[in-house]
Amino acid sequence: MRNEWRCIGCGVKLQTERPDKIGYTPKSSIGKELVLCKRCFRLKHYNEVQDVQLTDDDFLKILHRVGESDGLVVKIVDIFDFNGSWLPGIHRWVRGDVLLLGNKMDLLPKSVNENKLIQWMRSEAKELGLKPVDVALVSAGKGYNIQKVIHLIEQYRNGRDVYVIGATNVGKSTFINRIIKEVSGEKQIITTSHFPGTTLDMIEIPLDDGKAIYDTPGIINHHQMAHFVSKADLKIITPKKEIKPKVFQLNERQTLFFGGLARFDYIKGGRHSFVCYLSNALPIHRTKLEKGDELYETHKGELLAPPSKEEIGNFPPFDRHEFTIDEGKTDIVFSGLGWITVPEGGVTVAVYVPKGVRTFIRKSLI
Ligand code: GDP
């Protein structure tokens with residue numbers, strides 16, 4: 001890969017003929033030292049993102065290239081959206097070792113026990129078919145644990161190339177930027193944004209021994225909440241700092257609305273506490289279960305927002321899922337939005353998420 005023909009923002013191959021296609025840059029900018037494609041230029045200067053134009057097939061082709069090599073694969077997940085940002089099936093075609101990193105550690109309450117969380121990630125990974133060589137927590141944004149992770153990469157790559165993979169929005173570009181900054185002192189080489197799918201082709205970051213770190217494009221997980229909301233709303237639902245858990249003492253037949261994006265009905269189990277781990281900016285509205293339907297119909301897009309009134313027309317209808325939790329501390333997960341922790345079993349709840357978004361229960365993460 002020759003850098004001079006690639007966008008320094010996203011790594012895509014540059015072209016000067018088709019303004020509407022990937023990698024366009026005006027002829028006049030070719031030859032300059034640092035060239036951005038039109039897409040990255042707009043993102044950088046106007047904070048505006050153009051639609052992702054790579055298909056799932058393109059992503060697969062790129063990932064196959066990773067699979068054929070025997071390098072170290074650094075797989076990044078968003079610890080706030082662990083299952084939503086998990087790339088299924090990776091273990092089936094990756095030949096090399098996989099180092100699993102849980103990013104955005106800074107979002108979890110400081111009281112979280114790191115070792116316990118790592119254990120939790122190991123056992124989830126195992127259930128999902130992956131046996132990583134190691135698991136670590138990191139905050140690419142805040143720089144937490146970065147040195148430790150750099151050492152782990154050095155240790156496990158054993159003189160081989162490194163491929164960084166992850167679903168869109170896990171913070172992969174931020175991670176790579178952070179590594180470059182730590183290693184070389186350079187700032188902001190790769191485009192990062194609030195928006196999924198910013199990195200469009202593999203970017204090669206040369207290492208001293210002739211090997212390289214490759215940043216692959218973010219793979220779209222279609223059931224991520226991020227794909228159902230506008231860019232403005234994505235900013236609201238994506239937590240930016242430590243989540244302040246909100247505790248609700250609920251009686252049976254009470255309902256919580258998370259903006260107008262999801263709904264939680266407490267059906268049966270006596271008075272119980274429920275701990276909500278969501279973006280601090282997302283308003284929670286409590287009501288009686290009997291009033292839930294009507295409240296939603298009359299107030300969605302207003303009292304119950306986001307999504308806003310303009311966007312509610314395009315928002316998928318809710319699907320209802322009922323769960324009975326028999327025992328133990330359990331999380332009810334709203335993929336991409338967060339989760340509710342139920343301290344004990346013996347409860348029945350119903351969860352409403354937009355059609356296409358996943359919801360499920362898991363052993364409590366915290
Ligand atoms: P990519 O699509 O995986 O390349 O993700 P980006 O690097 O563009 O990051 C996606 C979003 O997550 C951006 O809003 C970042 O600011 C944010 N982000 C990345 N790393 C962290 C982190 O360690 N902590 C927090 N709180 N946010 C992060």
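Which residue follows α5, and what is the sign of its phi? Select Asn-158: this residue comes after α5, and its phi is positive, near 50°.

The model is predicted, so local features need pLDDT of at least 70 and side-chain atom pairs count only at pLDDT 80 or more, while totals for chains, interfaces and linings use all residues. Residue numbers start from 1 along each chain as its sequence is written.

Next, select residues 146–157, helix α5 (helices are DSSP runs of H or I, at least four residues, and strands are runs of E, at least two, numbered from the N terminus). Its twelve residues reach 16 Å from first to last C-alpha, close to the 16 Å expected at 1.5 Å a residue (1.5 Å times one less than the number of residues).

Colour Val-149, Leu-152, Ile-153 and Arg-157, the buried residues of α5 (buried: 20 or more other C-beta atoms within 10 Å of the residue's own; exposed: 12 or fewer; partly exposed in between; C-beta atoms are placed from the backbone). Viewed down the axis of α5, these buried residues fall within an arc of 115°, so they line one face of the helix (the arc is taken from the directions from the helix axis to the C-beta atoms). On the face turned away from the buried side, select the exposed Gln-147, Lys-148, His-151 and Gln-155.

Now display β1, β2 (98–103), β3 (134–137) and β4 (162–166), which are among what covers the buried residues of α5. Finally, centre on Leu-99: beyond its neighbours within four places in sequence, its contacts include Leu-152, Ile-153 and Tyr-156 (contact: C-beta atoms, placed from the backbone, within 7 Å).

Notes: Contact = placed C-beta atoms within 7 Å.
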